[in-house]
Every structure is written in C-alpha cells, then in structure tokens.
Amino acid sequence: MGIEAVTVIDRTGETDRHGRPTAKIRARGACPALAAPMPTGDGLLVRLRPSGGALTLSQFSSLARAAAAHGNGILEITARGNLQIRGLRADTVGRLAADIDAAGITVPDGPTIEISPLHGIDPEETSDPAAMELALRGTLRDRLASPRLAPKLSVVVDGGGAFNLSALSADIRLVALSDADWLVAINGDDETATPVAIGPAAAAISAVGEILSLLAALGQGRRARHIDPALLRARFPAADNLRAAPSPAVSMPLSGLHRLTDGKTVLGIRPEFGQMRAADLTAFIDLASAHGATAIRFAPGRGFFLIGLPANTVPAMQIAAAGHGFSAQAGERSEHIAACAGAGACGSAFYETRALARRILVAAPALFDGSLTLHLSGCAKGCAHARPALTLSGTAEGYDLILNGSAGDRPDERIAGGRIDFAIERLARSIEDNRSAGESAAACLTRLGATGVLEALRQE
C-alpha cells in the first residue's frame, strides 16, 4: 500500500469543542494504531492487537458493540491476525478508546509484536512466546517507543506448536529452538529470514535491542531490509556462521475443529473474507458463550480460535457460525480470496468486492484449488493483500486484471464493468481446458502466460 499525502493533525490528548477527546490522524501507509487512526474511504480506521492477541468473550462482545456505536459496525481481521475497526470519526476515536479501556482490554504501545495464537494452551509449544513478548516490552521499552522506527515495523515471536508462525514474514523474528534458546533473524519468514543470533532469552532480547538501535539510526521509517549487510556483520560478527533453524512441522490450518495433544479442542473461525458486522459478531459470541466457550485468540489468516468449547458442542457451533457469516469448516474455497471492504463500506471502492467474490466462487471453482490467492480490491490501494496475487482492481471504468501482482500495478487487461462475470468464466474455462493432469491452477496460469490468458479473455 503506497503512502498517500494526508495532513497529520497532532491533537493527541486534546478535546474538541464538546469536550470529547480527539486523536492524531496518521498518513496512509502507516500502521493505524488506536492513538493515530488512518483515513480511509469510509472514515477513520483503527488497527489494534490486544495484549497476547487474546480476548475474553465478554471483551470481544464489548468491542463489537463499541465498533457499532462509534464506527460503522464493520470489523475486520487482517491476514496477520490483527483487528480493524472501520468508519470512525475524529470525535469518536476517543470514545472507542474509552470503551476499550472500560472493557479491560489492554493494547500495548509501540510496534505490534505478533505471537503464536495458541500460546500457553498448546502442549506442543516449544517455549512461551507471551513471556518473551512481555520481556521484550519491559526490557526494550524505550527503544520500542522510538519515533524513528517505521510505523509498520513487524516483530514476530514464534513459540512453535501446532499453529506456528513460520509463514509470517517480519522485520525481526524470534523463534524458540528449545525451552531455553531462541533464534533471532531479520527480514523474512522461516525460510528467508537472515539469522543474526542464537542464545537464551536475555541474549535474544539484547540482539533485538541492537537491531532496533540500527533501525532507529537509519531513521526515516527504514525497515530491516534496509540494513547494510556490512553493518549487520559488524554488530553480529558470529552471524555468518549461523544457520536457520530447521523448519517446524507444517502449521495446522485455521478453520475447523482441532484436537490438541492433551485432548482439548479449539475451533478455528474465519469471518467471510475476513470481515464481520457487529450485530452478527455479538450474536455469534452469545451463542459461543452459551455453549461453553471462554475466550478467543486472533490468528494469521483472517480469523480466530474459539477456546474452551466442549467437543460435543462443536457441531452445533459450526452450523451456527455459517448462519452468522462465519466459516468454521476446514477447506472452504473462500479462504483463498482476499477482499477489501468494497463499495458500500468504503467510499474509495468502485465495486462490491464481497458480492463479486460470491459470484466467482460459484462461477469459477477451477480457481480455488489452493494454489493461488484471488485478490479483490475495490480500488488501486490494495488494502486487503500486500503480496502479488491474481488481482482484480476496481476503476471508474470497470476492472484492472493483474495476473500476478498488486492492485496498483500496471494491468495485464482492462475489463469493462458489465463484462466482469463473462471474463471470470472465460478465465476459469481456460484453466479447465488447458490444465494438465495434476497441474495446479497457479501453474497453469503461469504456463499459459499473459498472452494465452488474455487471448482466452478476449474470445466471444
């Protein structure tokens, strides 16, 4: 998402003429934290991650009611498992913050530190990432608070276990190697990040502090990828002799019923395309509470885990979830669609992304074998998905089709608004007609290339 020129109004701690607290408005491209919401097409957006990525059901219900009272009632869970509240105004952000505080929800200051969602309850966990997060925030408080750090600086603490964070990229990664030792790496996911240090918790925290100091010295919102390799070697002379940690077992999927090794169950829930309305959420939470659930944990993949459900109540909750716009079954094709809020929820969007997504799921099942992501972006900003994908970006004239890129990239084809359903059907048929035995949809598109795909789209 590119940085858009937006005037920053620094009014934190002040009140408006009615005595209501106001907030600092942050430029697009920055992380829209509670103290600095970001302007979007449907008002201000706040992104927050509660302490430990966890809420009680009562807290989640309170948050949903606050989103309805002070925003437009739309909540989203991002691909990284953070919560967004949409449709706020400058004079309602403070009231939202007050309601969050009244619900006993703690939102730590500084960069978001993402930790394994099943921390503390997964018997397979290598080490406790929640304890490491607390230690990082306590020991490195001043460095984490530096205004010279990039607003979107990402820190991941992966404690391992059934649902690990091996696929989550970050500026700084800490991975538990044992109950005593941690690997510290920068700029990437489990496979691509560069290891810089291995050692016990205190040594790992010290290494993170060194990296934060390097980033602050670079300034101007620099990220880990901007650190000069020579400078990195000077700070971490042993880094050249380090090897990445062995890849953990494949992380379990989010959606559906999962039994942990101690016999306890968790139910993975995914809002349709990561978005939910407050009324649906509160009704679903009430049902979950009545069935015995006690808490939720936000998880990468635009969803959350319900904790505490007795196993015999899970089938009823899975049925109830579908009635409120949630998926609680593994293998849903909608998991492979990244859709932004869309027209009707965001003033910047040129089309209703979720309505188109539902039509595509029916008309083009060949696209959803799990090999690719379909990104439906209402405009060229591409808020819903940062990585290259099969993308449809909304324009005033219709749609830009990008076969493998981001919403703002140069389109491979422009599609008039009234022809979008036909174009999608032609794309799916082209895959079905040309796919070799055992070939994935993504591999088929790559083999056909832009020329082959566009030829299919232009046929009558």
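This is a tour of selections to make in the viewer, moving from an open sheet to a helix, a cavity, a second group of strands and two loops. Keep in mind throughout that the model is predicted.

**The open sheet**

Begin by selecting residues 38-40, 43-48, 83-88, 74-77 and 275-277, which are strands 1, 2, 5, 4 and 13. These 5 strands form an open sheet in the order 1-2-5-4-13, with antiparallel pairing. Strand 1 and strand 13 stand at the edges with a single partner strand each, so one side of each has no neighbour in the sheet. From one strand to the next, the twist averages 30°.

Now narrow the selection to strand 2 and strand 5, which are joined by 4 bridges in the antiparallel sense. To see how the two strands are placed against one another, show L48, which stands opposite L83 in strand 5. As background, the strands of a sheet pair through backbone hydrogen bonds, in either a parallel or an antiparallel manner.

Next add residues 57-70, which make up helix 1. Which strands does helix 1 lie across? Helix 1 lies across strand 4, strand 5 and strand 13, and its direction makes an angle of about 25° with strand 5.

**M132 and its surroundings**

Move on to residues 129-139, which form helix 3, and pick out M132 within that helix. Is M132 buried or exposed? Its relative accessibility is 3%, and because the cut-off for a buried residue is under 20%, M132 counts as buried. To see what surrounds M132, show V157, L174, W182, A201, A204 and I205, which are its contacts once neighbours within four places in sequence are left aside. For a sense of distance, add A230, which lies 98 residues from M132 along the chain, with 29 Å separating the two C-alpha atoms.

**A cavity with a nonpolar lining**

The structure holds 2 cavities of 30 Å³ or more, and the stop here is the second largest cavity, whose volume is about 30 Å³. Select I113, L136, L140, L144, V155 and V208 to display the lining of this second largest cavity. How many of these lining residues are nonpolar, polar or charged? The lining divides into 6 nonpolar residues, with no polar and no charged ones.

**Strands 18, 19 and 20**

Select residues 389-394, which are strand 19, a mostly covered strand in which 6 of 6 residues are buried. Strand 19 has a parallel connection to strand 18 (residues 374-377) through 4 bridges, and within that pair L374 has L390 of strand 19 as its bridge partner. Strand 19 also pairs with strand 20 (residues 398-405), here in the antiparallel sense and over 5 bridges, with A389 matched to G405 in strand 20. A hairpin of 3 residues joins strand 19 to strand 20.

**Two loop residues with positive phi**

Finish with two loop residues, beginning with F273 in the loop between strand 12 (265-271) and strand 13. F273 has a positive phi of about 55° although it is not a glycine, and it is buried, with a relative accessible area of 5%.

The last selection is R302, in the loop between strand 14 (295-299) and strand 15 (303-307). Phi of R302 is near 65°, a positive value in a residue other than glycine, and at 13% relative accessibility R302 counts as buried.

Note on methods: Residues numbered from 1 in each chain as written. Predicted model: local features only at pLDDT ≥ 70, side-chain atom pairs only at ≥ 80, totals over all residues. Heavy atoms only, no water. Pairing = 2+ DSSP bridges. Axes fitted to C-alpha atoms, helices over the stretch in contact; angles between N-to-C directions. Contact = heavy atoms within 4.5 Å. Buried < 20%, exposed > 50% of the residue type's maximum accessible area, 1.4 Å probe, protein only. 1 Å grid on protein atoms, 1.4 Å probe; cavity = no way out; pocket = protein on both sides within 12 Å on 5 of 7 lines; lining within 4 Å. Points joined across faces, edges and corners; volume = space filled by probe spheres on them. Nonpolar A, V, L, I, M, F, W, Y, C, P; charged D, E, K, R; others polar.
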